[in-house]
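Trainee: Please show me the structure so that I can ask about it from the start.

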Amino acid sequence: MKSCVAALLMLVASAGVRAAAIDCISCHAEKATVKDSIHGSLSCTSCHSTIQSFPHPEKQTPVNCASCHSDSAATLGQSVHAASGGPTCTSCHGDGHSILPSKNPQSTTFAANLPRTCGACHGNAQMAKRLGLQEVYSLYMDSIHGFALTQDGLLVAANCSSCHGTHGILSNKDPKSKTNRANIPATCGTCHSGPLKAFSSSIHGQLLQAGSDDAPVCTNCHTAHEITKVGSAEWQIKTTATCGGCHKDQFATYHDTFHAQVSALGYQQTARCWDCHGFHDILPASDPKSMIAPDHLISTCGKCHAGANASFVKYDPHANSHDQAHYPALHYSAVFMNLLLASVLGFFALHTILWFLRSRSGPGAGPRGSQPK
Amino acid sequence: MEDAKGRYYVRFSLPQRYLHWALAGTFLGLAFTGLTLRFSAAPWMQALARAVGGFAAVLFFHKFFAIGLTVTFLIHLADIANRVVNKREWSLLWGPNSMVPRWKDIQDFFGNLKWFLHLGPKPRFDRYAYWDKLDYWGVFWGMAIIGFSGYAMWFGSFFAHLIPGSWLNIALLIHGEEAILATGWIFVIHFFNTHLRPDNFPMDLTIFTGRLSEEELKRMHPEEYERLAGSGGLTAIESEAPPRWLNNFGGVIGTTAILAGVIMLLLMAVAFVRE
């Protein structure tokens, strides 16, 4: 009953407003777009509330959006954009007379248009430099998200606000920020629920939950803005080194193996970190569920090496010939080969040099075809 | 090059020369493709691999040449077996015509070192000098080490039934190291000993023409010359001078092979220093 009365009152009010609006627009013809905007049902004075009568003073106090949008304004006031000189409501939503609902494909805050809207500042090299920000717009536009959204029109693809939020964007240093390290899995997991589930129970996820500063989150491997397809050779080769950024010893020993040599020559179909260890669900070998747990090695190696058996999986993809304690056979093989190489090549190099010098200086030296002594 | 004149003697039969071609060709191919893997971290090698068509092509050619070299090696073994078993050429197993090392090789080796140092006369070599035998047995050693480790890696899951999987780690190590020894030996020692040393410079064409001039036979293999002259065996191996085309052909191919080797050696050296 109460709401019926309210609706009736609004109807009466809006009839009065329309009359007033027509009056304003007879002078302010360029503001006529307001009729088609989301604010079309409001009277001019709803926002320009200081105008009481006509003619009105030339100078007016600025419109205060917060008088209606108090929640958004309050959130914005807490955000990274609240700083003086930061964006105002109209920076993103456009002029108040032409604001469209964000579902409208013409709206500046429509999913497919949002990157361009944010990019007005965040794609601006000078601004990025001045504020010490990454120039992320072009990175995003070339990413798998940017491509899906703007080229394929895949409206569910992540746009800026999917990860950063809207009015309440916080610095990623703020523990409450959606892009704070600790919150990134949940943020990405809003869409990527499968990887989130796998990651949460992985060793990396466990470490993160335990408050480790070293645990990687989604962006450590996938980056934030330049996320690409994980199938590309370029990404796979680059990301092997990303794992190696933390796992330095394993990366170094991997480098001595056939898998890595092949990879260095740009070949994609070779074992990389995640082929053996898994990726989102990565677990240490001591965990029976791990891909490299002793019971799983035959099936893990067997993914590529058909016919792998218990002996085959004794191959160590991280063998280290310098580690005498753990790899004595390999170590002494290396020592033997080095000695063999040095002694054979060294001795015969000397042999060759002596021969060369002797040939030039003594009997039998002469040019080919000369008479021997 | 002018037509050669004078008396010539056969040193290598045509099938032997073909086998050397096959050996040299597959060896260079294996070295070329294998080095890109051994020094995969070097940008040079990565560019080389790309030029061939990427690693997939590199590996294909490596295996292709590996089969070629294996077949070449087996043909040689079959030839030796045939000549010993069926033709009863016992001289292949012992004596001056055999590759089996003798006491004289040790004497010649030390004699040659003395000669290098002006401490003695130049040894009188027979048909095969000690460095020829080292070249020859080096192939056997290389085939055993590189060949076995290579096939073990190629058919890893099969070989794992025969050897412990951890040996595959050793296989890669010795495959690469032995490959450096083999290429270093061929590109430095063999090329110099046989082709580039001043009294043979710029190239010993015998492996291409199959023949030696009388002067060359006397100078390089005096023992053999005198032995054959004494027993009348020289007339049996006397031959016409090699035709001009064969000399030129051998020169071009040989120079190409040596240049290829020297280039690979330089690439190896650069990559090695960077490692």
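**Two chains and where they touch**

Trainee: How many helices and strands does the secondary structure of chain A come to?
Mentor: This is a predicted model. The secondary structure of chain A comes to 19 helices and 0 strands.

Trainee: What radius of gyration does chain A have, set against a compact globule of 373 residues?
Mentor: A compact globule of 373 residues would come to near 21 Å. The C-alpha trace of chain A spans about 125 × 60 × 35 Å along its principal axes. Its radius of gyration does not follow the globule value, but is 34 Å.

Trainee: How far apart do the C-alpha centres of domain 1 and domain 2 of chain A lie?
Mentor: The domain assignment gives domain 1 of chain A as 229–313 and domain 2 of chain A as 320–353. The distance between their C-alpha centres is 29 Å.

Trainee: What share of the residues in chain A is buried?
Mentor: A residue counts as buried if 20 or more other C-beta atoms lie within 10 Å of its own. Among the 373 residues of chain A, the buried share is 24%.

Trainee: How many helices and strands are there in chain B?
Mentor: Chain B has strands as well as helices. The secondary structure comes to 12 helices and 3 strands.

Trainee: Why does the radius of gyration of chain B agree with a compact globule?
Mentor: With 275 residues, a compact globule would have a radius of gyration near 19 Å, so the value for chain B agrees. Along its principal axes, the C-alpha trace of chain B spans about 60 × 40 × 40 Å. The radius of gyration of chain B is 21 Å.

Trainee: In chain B, what percentage of contacts with a separation of 6 or more is between residues 24 or more positions apart?
Mentor: Two residues are in contact if their C-beta atoms lie within 7 Å. In chain A, 45% of the contacts between residues at least 6 apart join residues at least 24 apart. For chain B the figure is 76%.

Trainee: How many residues of each chain are in contact across the two chains?
Mentor: Chain A is in contact with chain B through 45 of its residues. On the side of chain B, the number is 46.

Trainee: Which helix gives the most to the side of chain A that touches chain B?
Mentor: Helix H16 (258–264) and helix H19 (328–361) of chain A each supply at least two residues of that side. The side divides into 26 nonpolar, 14 polar and 5 charged residues. With 18 residues, the helix that gives the most is H19(A).

Technical notes: Residues numbered from 1 in each chain as written. Chains lettered and ligands numbered in written order. Predicted model: local features only at pLDDT ≥ 70, side-chain atom pairs only at ≥ 80, totals over all residues. Helix = DSSP H or I, 4+ residues; strand = E, 2+ residues; numbered from the N terminus. Nonpolar A, V, L, I, M, F, W, Y, C, P; charged D, E, K, R; others polar. Domains from an automatic or database assignment. Rg over C-alpha atoms; globule rule 2.2 N^0.38 Å. Buried ≥ 20, exposed ≤ 12 C-beta atoms within 10 Å, placed from the backbone.
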